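Please open the model in your viewer and keep the sequence panel visible. The tour proceeds by selection, one region at a time.

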Amino acid sequence: MPFELKPSQAKNALSSTYGKNIAINPYQGCVFACEFCSAIKMNYFTGRVEEKWDATGWGEWIDYKTNLVELLHKEREKVRRSKIYFGNATDIYMPIERKLKLVPPILEFFLENPPLELEVQTRGTSRDVKRDIPLLQELSKKTSVLVSYSIHTDRDDVKKVFEPKAPSLIERKRGLKLYFEAGIETRLSCMPILPLNPENYAERFAKYITKWVWIASMNHKQLTQGLFRKHFPEWLDERVVEKAMKRTQKEFQKRGVDCRYRSIEPKAKRKRWVKRQSKIKNRKAKSAKNSNLPNNQPTLF
Ligand code: SF4
């Protein structure tokens, strides 16, 4: 299928994400095409596939929004009272951004109208993230700015399986370092955690993190189960993942970096609880049904 790049008009610049947070995405679609990406559902929402999680063609199309700054002027008040995620459903530093330059006018708007907080999410190359660092430095003087860099492993073989089209790990380390050296707050986003060597991973990236590291397990397991089964079957066991998260946390803590992870345990507990509840419900339904049956037993009293 040939690559599809087309302009689009958004209805709103800002959209709601989890909780009360707000996001802005200058693009729909993403050429990095990570196998675990939760934005894959945009394939469905833009009418390209029939099923919600069908990944067919993901990474082969981009719709770019041409009217965001115009809309931002109308949504100025909302900007001022919001924590804004910049690029939670695309990567704002895809190579196409070099040509389209959609990000700088948005950052310039934020300079005039600073949000409560701005969080930039990326896994871009140093070449691509470099351009806007002066704007982010300026903005840091007016509001809280955090760059959340996505790096899920220290292993190139793992990266090749799950994010073959995304920038190399070396490039991402360079990008992260650029932000760090520019004095911009950084966070490492390891969501989802992929097979890694905790010690090596922490050693490679800890020195460039000013805030903290956030680790979580795979969210949409159905997307990657086949790849895990083929390449890293031991990682299908949640205990292995939990252990890796704990060890990674320890390695960062050893290096003086705060590291938090979302444990799998509560999820597993909840699953067991739901199962137990449904058994109880079934049992109750069965006994209610039995008590409604005509009673042929002789009455004693
Ligand atoms: S870079 Fe982010 S938005 Fe793009 S495919 Fe990967 S996870 Fe999805």
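The stops below cover two sheets, the surroundings of the ligand and the packing of several helices. The model is a predicted one.

**First stop: the three-stranded sheet**

Select residues 4-8, 27-28 and 61-65, which correspond to β1 and β4 and to β5. These three strands make up an open sheet of mixed pairing, arranged in the order β1-β5-β4. The edge positions belong to β1 and β4, each of which pairs on one side only. Now restrict the view to β1 and β5: the two strands run parallel and are joined by five bridges. To follow one of these connections, select leucine 5, whose bridge partner in β5 is isoleucine 62.

**Second stop: the eight-stranded sheet**

Turn next to the open sheet of eight strands, which is also of mixed pairing. Its order is β2-β3-β6-β7-β8-β9-β10-β11. Which strands stand at the edges? Selecting 15-16 and 258-261 shows them to be β2 and β11; each has a single partner strand, so one side of each lacks a neighbour in the sheet.

Within this sheet, select residues 22-24 and 83-86, that is, β3 and β6. They pair in the parallel sense, over three bridges. Isoleucine 22 has isoleucine 84 of β6 as its bridge partner.

**Third stop: a helix across the sheet**

Add helix α9, residues 169-181, to the display. This helix lies across β8 (144-150) and β9 (185-190), and runs at about 165 degrees to β8.

**Fourth stop: two helices in contact**

Select helix α10 (residues 198-205) together with helix α12 (residues 238-254). Their axes come within 8 Å and cross at roughly 40 degrees; α10 is therefore oblique to α12. The crossing of the two helices is right-handed.

To inspect the contact itself, show the side chains of Pro198, Glu199, Tyr201 and Ala202 in α10. On the α12 side, they meet Ala244, Arg247, Thr248, Glu251 and Phe252. By class, the residues of this contact comprise five nonpolar, one polar and three charged.

**Final stop: the ligand**

Centre the view on the ligand and select the residues that surround it. Which residues are these? They are Cys30, Phe32, Ala33, Cys34, Cys37, Ala39, Thr90, Asp91, Arg123 and Ala166. Colouring this shell by class gives seven nonpolar residues, one polar residue and two charged residues.

Notes:
Residues are numbered from 1 along each chain as its sequence is written. This is a predicted model: local features need pLDDT of at least 70, side-chain atom pairs count only at pLDDT 80 or more; totals for chains, interfaces and linings use all residues. Two strands pair if DSSP finds at least two bridges between them. Helices (H or I, at least four residues) and strands (E, at least two) are DSSP runs, numbered from the N terminus. A residue is near a molecule or strand if its C-beta atom, placed from the backbone, lies within 6 Å of it. Ala, Val, Leu, Ile, Met, Phe, Trp, Tyr, Cys and Pro count as nonpolar, Asp, Glu, Lys and Arg as charged, and the others, Gly among them, as polar. Two residues are in contact if their C-beta atoms, placed from the backbone, lie within 7 Å. Axes are lines fitted to C-alpha atoms, for helices over the stretch in contact, and angles run from 0 to 180 degrees between N-to-C directions. Angles under 35 degrees count as roughly parallel, over 145 as roughly antiparallel, 65 to 115 as roughly perpendicular and the rest as oblique. A crossing is left-handed if the near helix is turned anticlockwise from the far one by less than a right angle, and right-handed if clockwise.
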